[in-house]
Amino acid sequence: MFKEKLKYAFYTIGHPADGFYEIRHRGQGSVPLALLFVFLFGLCFSANRQYAGFVVNFVNPMEINSFAEMLAVFVLFFLFCVGNWSITCLMNGEGRLKDIVTVCGYSMLPMILTFVPAIILSRFVVADEEAFYYILMGFGIAWFLLLVLSGVMTVHNYTLGKTLLTIIFTFVAMLIIVFIAMLLYSLLSQVISFFVSIYNELMLRA
Amino acid sequence: MKRIWKDLFCGKASGRLAEAGSVKKDCAVRQAAGTLAKAAALLAGTAVMMWDLGGIIVQAGQSVPYTTYNYDYYEDIKYTPAAYVPDGIVTGAQIGCGNLAGPQDLNTDENGDVYIADTNNNRIVVTDRDFNLIKVIEEFDNQGKKETFAAPNGVYVSSNGNLYIADTNNMRVVELDGEGELVQIIANPKSDVLEEGYVFRPMKVAVDYADRVYVIAQNQFEGIMAFNEVGDFLGFTGTINVQITPWEIFWRRFSTKEQRARQQLFIPTEFTGMEIDKDGFVYATNVDGEGEQSVRRLNPSGEDVIQKKEGGLSGDLDWRLAGTYSGPSRIVDVAVRNQGIYSILDSVRGRIFTYDHEGNLLYIFGGLGSQEGTFTGPVAIDTIGEEILVLDATRNLINRFKATQYGSLINQAVGLRYDGDEVQAVECWREVLKLDSNFELVYVGIGKSYLAAGQNKEAMECFRIGNSKQYYSIAYKRYRNEILKENMGTILTSVIVLVILWAVWSKLGKKLWKKRRVSHV
């Protein structure tokens, strides 16, 4: 079962239109597998910061925090999925949250596949050959973007124009979600501190 | 928070390092005497012991009123041992000419004689290198008429010993010879590029080997004014172009005429101080609000030919945005030193930044305050040999700084490298490394010597620590070629073996594969 799903993920990144259609309508996708891909991409992203060769690595090693970086990848991933879901719900999208998660997760597979060889390659390049590393990375990222685009288009049964529009709205939705989350956080902390001070007052006065 | 913590911790650590550094000299004597104090651990041990025994070694380095630091590749502060320590102050009374009053400039000549523009006393004070009074110039003879100065802001000694005085309120530059006789007066420059009724108020003056006179004048934003040896105005040099960001253009588009009129004018920054090196290039400092480039090296045709690194040449790389001591460094003067080294003086935080000819920061020290070795109103900097002099216009005195072992080793190493003597330089760098293992330039220096010696792997390691991607690449390329050459046989053999295996597989394997598929059906 898992093997077939995995094989299907590889099929999908090569044939996005067919692949994502089957995922939407014939249940060929797998959410756990998509989350696994996100996790692996988080690993690759962090590994790239830490282990990319000296010539191409401009990151201060003192500032690398793998856990925080992976968390950031996950947070962005879920923000995008939820944002996209909330927008497409309003814009007659046919995709379910499950499908959006699968699309985004599967789309990260090419980045995993190119980051790993790019990191290995980067350890063997010198100043003039950095281009190979950047091309490999850029290729993975471009592939990812195309997959997300075609995936969102397919699962929601949108035209290209509408897809681009919803993606722009998705970013707006993400901002709104972050804003509300921060608002909630500050409100909650005020409420908590209010109760804490009532508690203190009661305890210390008594 | 992080920075504060770093300050606290590293401040202490650097203090300890400075102790270890100053103690090292004594230990060297001991070594010569035959003691077996070779191991570094033992050395540090003795240092701490001596310290604990109660100040047997009292050096100024132990009570430095400021921190000495440098920036690393990631633009983080790395505290270092003290490179320069205060070496006393000199007041007018000590010189023997009465107190100075708001002195604005200081210049030294080749013999180490010091010329001070004692601005508010309207005089020039001349002393020898130990600050014994030579003479006080208050007046000069102009065709039988005694003339005096009015708020002289700048003073400069040319290579032939003539004294140039920027006599600001008299709107002229006065040139006197060694005996104090008037040579010429430069006043009232005439040119098409100067507007009608231009008021010439010279603030700073400098003279090159061809007796061309460079003048920084008040409210003259076009650049430094250049005059030939007989005082004719030649034109402007080193004009700084105004830089407008797209963001400012954007805002100006949307503002009304009235708003625009009230906005800040986009005018080039003013030059603040200058000095001329042996080759006749003008080092000039300017105020840079962005904190990117505050010192220029102008060639005879007025182009900036200074070498700079990514961090720029403007003192501090990060600063507070508001509050006390905030904003980018305001560089007020430059001191050109030997072998391409130069120091610039920041009046915002009272720091002295020293760069080498490639624009690498060597050491940063100094601070504002009222202790000996700190400033209230630093205005001018100059050097006598390795000694650094800083003129304080508010406290009316001169701060003297002497190099520690650490500072002078760096000066020496950079000098040797400038002269092309890499082997000797590496010896110095290794000594520096014993005092400060965080100094990236040292690793690059040592790495270069490894590279020259063909020890590519060691060179790679040095360049990696020194964060020099450029040289690391060179070393790594050579190392990679070496490895490939050594293992060429193995690589070729394995390629051939793989090709054969593949050929065999494609013949036999396919048959086997087919059989299996057939049997399945």
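## A sheet of four strands in chain B

Let's start with one pair of residues: B:T127 sits opposite B:L133, which belongs to β7(B). The model you are looking at is a predicted one. B:T127 has this partner because two strands meet here in antiparallel fashion: strand β6 (residues 123-127) of chain B is joined to β7(B) by 4 bridges. As a reminder, strands of a sheet pair through backbone hydrogen bonds, either parallel or antiparallel.

Now step back to the whole sheet. It is open and has 4 strands, in the order β4-β5-β6-β7 of chain B, with antiparallel pairing. Which strands stand at the edges? They are β4 (105-108) and β7 (133-137) of chain B; each has a single partner strand, so one side of each is left without a neighbour in the sheet. From one strand to the next, the twist averages 15 degrees.

## A sheet of three strands

Chain B also has an open sheet of 3 strands, in the order β18-β19-β20, and its pairing is antiparallel. Its edge strands, β18 (271-276) and β20 (295-298) of chain B, each pair on one side only. Ignoring direction, neighbouring strands of this sheet are turned by 20 degrees against each other on average.

You can trace one of the pairings yourself. Strand β19 (residues 282-286) of chain B runs antiparallel to β20(B), and 4 bridges join the two. Try finding B:T285, whose bridge partner in β20(B) is B:V295.

## A hairpin to look for

Next, find strand β12 (residues 172-176) of chain B and strand β13 (residues 182-187) of chain B: they run antiparallel and are joined by 5 bridges. Here B:R172 stands opposite B:A187 of β13(B).

The two strands form a hairpin with 5 residues between them, and in this hairpin B:G180 takes a positive phi near 90 degrees.

## Chain B as a whole

How many helices and strands are there in chain B? The count is 11 helices and 27 strands. Chain B has 521 residues, of which 38% count as buried. Among its contacts between residues at least 6 apart in sequence, 49% join residues at least 24 apart.

The domain assignment divides chain B into domain 1 (2-58), domain 2 (97-403), domain 3 (425-486) and domain 4 (496-521). Between the C-alpha centres of domain 2 and domain 3 of chain B there are 39 Å.

## A helix in chain A

Let's move to chain A and its helix α7 (residues 130-156). At 1.5 Å a residue, the 27 residues of this helix should span 39 Å, and its end C-alpha atoms are indeed 39 Å apart, which agrees. Just after α7(A), A:N157 takes a positive phi of about 60 degrees.

Several residues of α7(A) are buried, including A:Y133, A:M137, A:G140 and A:F144. What do the buried residues of α7(A) pack against? Their partners are α1 (2-14), α2 (16-26), α4 (66-90), α5 (97-107), α6 (109-122) and α8 (160-205) of chain A. When you look at any such helix, remember that an α-helix has 3.6 residues a turn, so residues three or four places apart point the same way.

## Where the chains touch

Finally, look at the place where chains A and B come together: 8 residues of chain B are in contact with 5 residues of chain A. On the chain B side, the largest share, 6 residues, comes from helix α10 (residues 469-486) of chain B. Sorted by class, this side of chain B has 3 nonpolar, 2 polar and 3 charged residues.

Note on methods:
Residues numbered from 1 in each chain as written. Chains lettered and ligands numbered in written order. Predicted model: local features only at pLDDT ≥ 70, side-chain atom pairs only at ≥ 80, totals over all residues. Contact = placed C-beta atoms within 7 Å. Nonpolar A, V, L, I, M, F, W, Y, C, P; charged D, E, K, R; others polar. Domains from an automatic or database assignment. Pairing = 2+ DSSP bridges. Axes fitted to C-alpha atoms, helices over the stretch in contact; angles between N-to-C directions. Buried ≥ 20, exposed ≤ 12 C-beta atoms within 10 Å, placed from the backbone. Expected span 1.5 Å × (residues − 1).
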